[in-house]
Amino acid sequence: MKSNRSIYWIVAILGWCIGNSCNKGSSPTPNTTTYFPKVKAIVSDNCLSCHSSTGSWTGRPTAFDSDSAIAANANIIKTAVAGPWTFFVKQMPQRSTLSASDITTIETWVSKGGKTTD
Ligand code: HEC
């Protein structure tokens, strides 16, 4: 039963760490990373084949081929990749999904404000 006991200790220490965010200082460091360039690359790799003025879905109101268009659609882009999906905003890319890290990048960008400077 010795090994079982050490597992309890590891869980307890981990729990304490997470609870305290393993934080030595008291003030959280502000997130100064700019996510927009990464978001733009994700959109151009995964969405522009359809969502651009020359894409296969021309005529759709949602073209993401300029910085301002991506920023203006920040919230529906996030919903499209991360959910919750609705009748109006379907899961994107169609019949597929982005990697978890790409989804996190988009969610973090939107939570910072979803602008081209965020
Ligand atoms: C294979 C083509 C294709 C790709 C790739 C694609 N989409 Fe779409 N997207 C569509 C189509 C078609 C619709 C309309 C779906 C419907 O209404 O049934 C749509 C709808 C949407 C909508 C809902 C708003 C609207 O105009 O209906 C959003 C937001 C969206 N897509 C975002 C994205 C994002 C973000 C990506 C990349 C991560 C992406 N899409 C990739 C084809 C695509």
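Two residues are taken to be in contact if their C-beta atoms, placed from the backbone, lie within 7 Å. Among contacts in the chain between residues at least 6 apart in sequence, 53% join residues at least 24 apart. The model is a predicted one, in which local features need pLDDT of at least 70 and side-chain atom pairs count only at pLDDT 80 or more, while totals for chains, interfaces and linings use all residues. Residues are numbered from 1 along each chain as its sequence is written.

The secondary structure consists of five helices and zero strands, and from the N terminus on the elements run α-α-α-α-α; helices (H or I, at least four residues) and strands (E, at least two) are DSSP runs, numbered from the N terminus. Of the 118 residues of the chain, 19% count as buried, a residue being buried if 20 or more other C-beta atoms lie within 10 Å of its own, exposed if 12 or fewer, and partly exposed in between, with C-beta atoms placed from the backbone.

The largest nonpolar core (a set of buried Ala, Val, Leu, Ile, Met, Phe, Trp, Tyr and Cys residues joined through C-beta atoms within 7 Å) has 17 residues, and those with the most contacts inside it are Val39, Val43, Ile70, Ile77 and Ile106. To this core α2, α3 (67-72), α4 and α5 each supply at least two residues. Leaving aside its neighbours within four places in sequence, Val39 is in contact with Ile70, Thr105, Ile106 and Trp109.

Three of these partners, Thr105, Ile106 and Trp109, are the buried residues of α5. Seen down the axis of α5, its buried residues fall within an arc of 95° (the arc of the directions from the helix axis to the C-beta atoms), so they line one face of the helix. What covers these buried residues includes α2 and α4, whereas on the other side of α5 Ala100 and Ser111 are exposed. The helix covers residues 100-112, and at 1.5 Å a residue its 13 residues should span 18 Å, which agrees with end C-alpha atoms that are 18 Å apart; the expected span is 1.5 Å times one less than the number of residues. After α5 comes Gly113, whose phi is positive, near 140°.

The loop between α4 and α5 deserves a separate look. Most residues other than glycine have a negative phi, and most peptide bonds are trans. In this loop lies Pro84, which is joined to Gly83 by a cis peptide bond with omega about 0°. Pro93 is found in the loop between α4 and α5 as well, and a cis peptide bond with omega about -10° joins Met92 to Pro93. Arg95, again in the loop between α4 and α5, has a positive phi of about 55° although it is not a glycine, and with 6 C-beta neighbours inside 10 Å it counts as exposed.

Met92 and Pro93 also lead to the ligand, for of the 21 residues around the ligand, Cys47, Cys50, Ala80, Met92 and Pro93 come nearest. The elements that give two or more residues to this shell are α2 (36-46) and α4 (74-82), and α4 gives the most, with four residues. A residue is near the ligand if its C-beta atom, placed from the backbone, lies within 6 Å of it. The shell divides into 13 nonpolar, six polar and two charged residues, where Ala, Val, Leu, Ile, Met, Phe, Trp, Tyr, Cys and Pro count as nonpolar, Asp, Glu, Lys and Arg as charged, and the others, Gly among them, as polar.
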